[in-house]
Amino acid sequence: MSSSLLAEDHGKLIFQDDFERNESQETKDEIGKGWGTNSRSRAAGNKQVDLKNGAMYISMHKVADHAVSVTQPAEFQDGAVELRFMLENEKDSLGLNFADLKYKKVHAGHLFVAKVSPRFVELTDLKTGNMDLKTRELRLAQKLPPELQEALKAKRKRFPVKLKTGQWYTLLVTVNGDQLTVKIDGETIGSFSSEGMAHPTKRLLRLAVPRNAVVDDVKIYAKTVQE
């Protein structure tokens, strides 16, 4: 599918990166083009993102106490993220986490996430689910009442897939109102509607990698922007 067609379907192209560049050193993250990581705060500054072969290789360091988070500012209300990805191990996964750090009623701005693994795609509303501050406090204290535990189950939807490790795929995640939809290689894997997806302004894209993932050709589209 051409970029021009995607732009027509999903709005204005506001960011793209093909990672066709070199780093000046190999000890620290040096992605460039506005990308950030949590390596300094979570992995003692060790390198977790490597640009090579024209792609972004993300790998959680052995001393890290949190999944790798690779961030790119991207502001829109409705829009889409397209990228190519490869998972090299059955246990690997890639999450596209949408956030708004200005929204203080959830932990770390978490709104919702689309997680892709070789066996499933999982769509989760974090804003009205696990990352709501009050809910998170109860969850960490292991004091979630049964009715809330049950309600949280409705904040997540999982769809089975069969992806091959070591193979490139094209992922398209679209946000339209309260609906989050995932396509892989042009095939719709699933959609999930929940309140958190309709948050007025998504301001940050986080690529969440708890083990390893390879990413290339990232494109972000904004169909509508909250005034």
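User: What share of the contacts with a separation of 6 or more comes from residues 24 or more positions apart?

Analyst: In this predicted model, 66% of the contacts at a separation of 6 or more join residues that are 24 or more positions apart.

User: How many helices and strands are there?

Analyst: The protein has four helices and 15 strands. Its radius of gyration is 17 Å, close to the 17 Å that the globule rule gives for 227 residues, so the protein is as compact as a globular protein of that length.

User: And what does the C-alpha trace span along its principal axes?

Analyst: About 50 × 45 × 40 Å.

User: How much of it counts as buried, and how much area does the protein expose?

Analyst: Of the 227 residues, 49% count as buried. The exposed area is about 11,500 Å², with 47% of that supplied by carbon and sulfur atoms.

User: Charges next. How many positive and negative side chains?

Analyst: There are 35 positive and 31 negative side chains, and the centres of the two sets are 5 Å apart.

User: How many salt bridges does the structure hold?

Analyst: The structure holds 12 salt bridges. One of them pairs Lys-47 with Glu-23, with 2.7 Å between the closest N and O atoms. Lys-47 sits in the loop between helix H2 (39-42) and strand S3 (49-52), and Glu-23 in the loop between strand S1 (12-17) and strand S2 (36-37), so this pair ties together parts that are 24 residues apart in sequence.

User: Is Lys-47 buried or exposed? And Glu-23, buried or exposed?

Analyst: Lys-47 is buried, at 16% relative accessible area. Glu-23 is buried as well, at 12%.

User: Which side chain meets Asp-92 in a salt bridge?

Analyst: Arg-211 does, at 2.9 Å from N to O. This pair links distant parts of the chain, 119 residues apart: Asp-92 is in the loop between strand S6 (78-86) and strand S7 (94-99), and Arg-211 is in the loop between strand S14 (202-209) and strand S15 (212-224). Asp-92 is buried, with a relative accessible area of 2%, while Arg-211 is partly exposed at 32%.

User: What about Arg-203, which residue does it form a salt bridge with?

Analyst: Asp-100, where the closest N and O atoms are 2.7 Å apart. Arg-203 belongs to strand S14 and Asp-100 to the loop between S7 and strand S8 (110-116), so the pair ties together parts 103 residues apart in sequence. The relative accessible area of Arg-203 is 25%, which makes Arg-203 partly exposed; Asp-100 is buried at 4%.

User: Which residues do shared partners join into one network there?

Analyst: Glu-75, Asp-100 and Arg-203 are joined into one network by salt bridges that share partners.

User: Which residue is buried yet has no salt bridge?

Analyst: Lys-127 is such a residue. The nearest side chain of opposite charge is Glu-195, 5.5 Å away, and a salt bridge needs a nitrogen within 4 Å of a carboxyl oxygen.

User: Where does Lys-127 lie, and what does Lys-127 touch?

Analyst: Lys-127 is in the loop between strand S9 (120-125) and helix H3 (133-140). Leaving out residues up to four places away in sequence, Lys-127 touches Tyr-103, Val-106, His-110, Leu-111, Asp-132, Gly-196 and His-199.

User: Backbone now. What is phi of Lys-33, and of Asp-217?

Analyst: Phi is near 55° for Lys-33, a positive value in a residue other than glycine. For Asp-217 phi is near 50°, also positive in a residue other than glycine. Most residues other than glycine have a negative phi.

User: Where does Lys-33 lie, and what is the place of Asp-217?

Analyst: Lys-33 is in the loop between S1 and S2 and is partly exposed, with a relative accessible area of 47%. Asp-217 is in strand S15 and counts as partly exposed at 24%.

User: Last one: what is the place of Ala-213, and which residues does Ala-213 touch?

Analyst: Ala-213 is in strand S15 and is buried, at 3% relative accessible area. Not counting residues up to four places away in sequence, Ala-213 touches Met-56, Tyr-57, Ile-58, Met-86, Leu-87, Ser-93 and Leu-94.

User: How far apart are Ala-213 and Gly-177 in space?

Analyst: C-alpha to C-alpha, Ala-213 and Gly-177 are 29 Å apart, and in sequence they are 36 residues apart.

Terms used
Residues are numbered from 1 along each chain as its sequence is written. This is a predicted model: local features need pLDDT of at least 70, side-chain atom pairs count only at pLDDT 80 or more; totals for chains, interfaces and linings use all residues. Side-chain values use heavy atoms; hydrogens and water are left out. Helices (H or I, at least four residues) and strands (E, at least two) are DSSP runs, numbered from the N terminus. The radius of gyration is taken over C-alpha atoms; the globule rule is 2.2 Å times the number of residues to the power 0.38. Buried means under 20% relative accessible area, exposed over 50%, partly exposed in between (1.4 Å probe, protein chains only). Contact means heavy atoms within 4.5 Å. Accessible areas come from the Shrake-Rupley method with a 1.4 Å probe; for residues, only the protein chains shown count as cover. Lys and Arg count as positive and Asp and Glu as negative; His and the chain ends are not counted. The place of a charge is taken as NZ of Lys, CZ of Arg, CG of Asp or CD of Glu.
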